[in-house]
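Biologist: I would like a close look at how the helices pack in this model. Please start with one helix pair, then work outward to single residues and the annotated sites.

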Amino acid sequence: MKMGLLHLIPNELKPTDIFVAFLFIIFLYIFHFYYKHFTRINPLPGPLPIPLIGSFEIFKGDIDAWFYRLDKEYGRNGVYELTIAGKRQIVITHAEHIESILKHVTRTANDGLLDLFDLDNKGLALNHDYNRWKFNRRIFSQAITALTSSTYSPKLSKIENILFEEMSNYWIGLKQKDENVIIMDMTAWARRFICDFTSFLTTGKRTNTINSYYRKLKNEVMTKEMIGSEEFIENIKVFVSDNQFTFVPKLIKDLPFIKNRVKSLLDNNHFFYKRLEEIVRRKRKEIEKNINSDYDFKSKQLDLLTSLILTNTPYDPQPQKNVDPSLSRPMTDAEIRGVLFDAFVIGADTTVNTFCFVLYYVSHNPNVKKKLLEEIKSVFNDDPNKQVTIDDLEKLKYCEAVIKESVRIRPTVSLNTRYFDQSEEIAGYKWPKDMIFIMYSRGISNNPLYFKDPEKFIPERHYEPQEIEKHHNSFLMFGKGPRLCPGRKLAMVELKTLITLVYRKFDVELVDMQAPLNVETSTFTFCKELNIKLIPRELKTNS
Ligand code: HEM
């Protein structure tokens, strides 16, 4: 049969003929692509797409800067369109259109490389498999809620106090003898602090990354374990900055300028997964030992990982009644690794970046700084060494408003997506199924339609619900609907504690007041560097 077909190919076929045929196929493809584009359903304004790729901007540094430009150019009517990684996506820039989008459960289309990265059915944030997401979500939410419960949270704030004490001593150790000021990149320190803290919360053990970083800066000898801690931080950083490559269409993943980036991200993730799996295995062994020694799990305050491992086992400290049988089995190691990945990558990095944005905006707004310091002074009776407790945090209303205002101006999650597996009417158009909607949070929360003088940093506006409620979806710091951030309460505890501890002990100034925020967005926005001057308060009052 094959021979039968081969005789159809002319014998004297020349390389130029093959080249012409190749060009013809490309021409047909481009013609078909643009024919489909110009005859598409509900055409909206937006940049003209490039076949296969959509737009090169997605592979460049700061995707959010591009969205911000597009918002001004095309977003005036609340909706425009884009082609990203070969797929048409509808961008929503007005709060009025997002209520019915947020109720959808699926976040991505899963036609990129999520399966190659083993993220399509693991964890929560990128999990495309509804049943597996639901299973993980229930167990993760239950475990994380226990951490912020009234019984566990005192332990949580105690740990943050201890870690901060250690970190601030390292900072003092970096101070030159005859100087009052410590100059440092706060992003690097905050990333390690939150990583150590997250590690303690999740595993009961620290990663010792703040200690390793101090030694690195001091050029001291580093043990194998310390080098490992630094690699752990690097793994998180690489995924945060390059994760847009998980959405590249399979068809173009081997193109020269994409192949290497995909490969290095894959290597990075596989290395990181192995480390997380090792953490799970070690914890299982520890638990098995405790089971054999009749340890009473029910009476103990458990770390997140122990809760995840014990859920739906005979040792489950909070057994749930009447649970759908498909949700009542224990988690496998690979599933636990998936949610740990979310805690370390999504949870930790959003918190770090929000913290850095707070320092930046507070430094640029002296009146805000004054009010924040007054609140901290009054809650802690001017005692810089008093332990920060959960009760204290409840009283820090202005601090909470400062955090919210920083996120309003600079959301860490500025692009929030939903994939529709059924047809729906959005923004006045009837859409077929299999569409992706991107809610551009930064555009919405910086739009004068919803916030008076949106470019101004005014924490007080979060005291006045009518300001926010010009539209109730104009500021969604933690999202909304079934995919709402499960770590929101924990994030607020972490942030308020860290802000208080830093400002109580140090005056914070930016090294360069003229420099803009040094950020980049992959699918969420991260601070690349924040150079600050720390002046120990005791030295300030003595001088
Ligand atoms: C200031 C810090 C944080 C911000 C601004 C933030 C914001 C968000 C936002 C906007 C979403 C998307 C919600 C939606 O689609 O409706 C999200 C999802 C998520 N967040 Fe957070 N988050 C923060 C901290 C945390 C922490 C501390 C954790 C856990 C340790 C966490 C874990 C997650 C997870 C697992 C998801 C995915 C949920 C799902 O898809 O079901 N986040 N976060």
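Modeller: I will begin with the helix pair and then move outward. Keep in mind that this is a predicted model.

Take helix H7, residues 186-203, and helix H12, residues 333-364. Their axes come within 9 Å of each other. They cross at roughly 140°. Roughly antiparallel would need an angle over 145 degrees, so H7 and H12 count as oblique to each other. The crossing of these two helices is right-handed. On the H7 side, the contact uses Met-186, Thr-187, Ala-190, Arg-191, Ile-194, Cys-195, Thr-198 and Thr-202. H12 answers with Leu-340, Ala-343, Phe-344, Gly-347, Ala-348, Thr-351, Val-352, Phe-355, Cys-356 and Leu-359. By class, that contact has 12 nonpolar residues, five polar and one charged.

Stay on H12 for a moment. Asp-349 lies in this helix. Is Asp-349 buried or exposed? It has 24 other C-beta atoms within 10 Å. The cut-off for buried is 20 or more, so Asp-349 counts as buried. Beyond its neighbours within four places in sequence, Asp-349 is in contact with Ile-236, Val-240 and Phe-526. Trp-133 is a separate reference point: it sits 216 residues from Asp-349 in sequence. From C-alpha to C-alpha, Asp-349 and Trp-133 are 21 Å apart.

Val-358 gives another long span. Its partner here is Lys-285, which lies in helix H10, residues 256-292. Lys-285 and Val-358 are 73 residues apart in sequence. In space their C-alpha atoms are 41 Å apart. Lys-285 has 10 other C-beta atoms within 10 Å. Exposed means 12 or fewer, so Lys-285 is exposed.

Next comes helix H6, residues 153-174. Leu-163 has its place there. With 21 C-beta neighbours inside 10 Å, Leu-163 counts as buried. Leaving aside neighbours within four places in sequence, Leu-163 is in contact with Phe-193, Asp-196 and Phe-197. Asn-208 is 45 residues away along the chain. The C-alpha atoms of Leu-163 and Asn-208 are separated by 9.8 Å.

H6 also packs with helix H8, residues 209-217. Which way do these two helices run relative to each other? Their angle is about 5°, with the axes 10 Å apart. Angles under 35 degrees count as roughly parallel, so H6 and H8 are roughly parallel to each other. From H6 the contact takes Glu-166, Met-167, Tyr-170, Gly-173 and Leu-174. From H8 it takes Ile-210, Tyr-214 and Leu-217. These residues divide into six nonpolar, one polar and one charged.

Now the annotated sites. An unreviewed UniProt entry places a "transmembrane region" at residues 18-35. In the model that span is 100% helix and 0% strand. Its end C-alpha atoms lie 25 Å apart.

The other annotation is a "binding site", again from an unreviewed UniProt entry, and it covers Cys-485. Where does Cys-485 sit? It is found in the loop between helix H17 (465-468) and helix H18 (488-505). Cys-485 has 19 C-beta neighbours inside 10 Å, so it counts as partly exposed. Outside its neighbours within four places in sequence, Cys-485 is in contact with Phe-478 and Gly-479.

Notes: Residues numbered from 1 in each chain as written. Predicted model: local features only at pLDDT ≥ 70, side-chain atom pairs only at ≥ 80, totals over all residues. UniProt positions renumbered as here; feature names shortened; annotations may be inferred. Helix = DSSP H or I, 4+ residues; strand = E, 2+ residues; numbered from the N terminus. Contact = placed C-beta atoms within 7 Å. Axes fitted to C-alpha atoms, helices over the stretch in contact; angles between N-to-C directions. Parallel < 35°, antiparallel > 145°, perpendicular 65-115°, else oblique. Left-handed = near helix turned anticlockwise from the far one by under 90°. Nonpolar A, V, L, I, M, F, W, Y, C, P; charged D, E, K, R; others polar.
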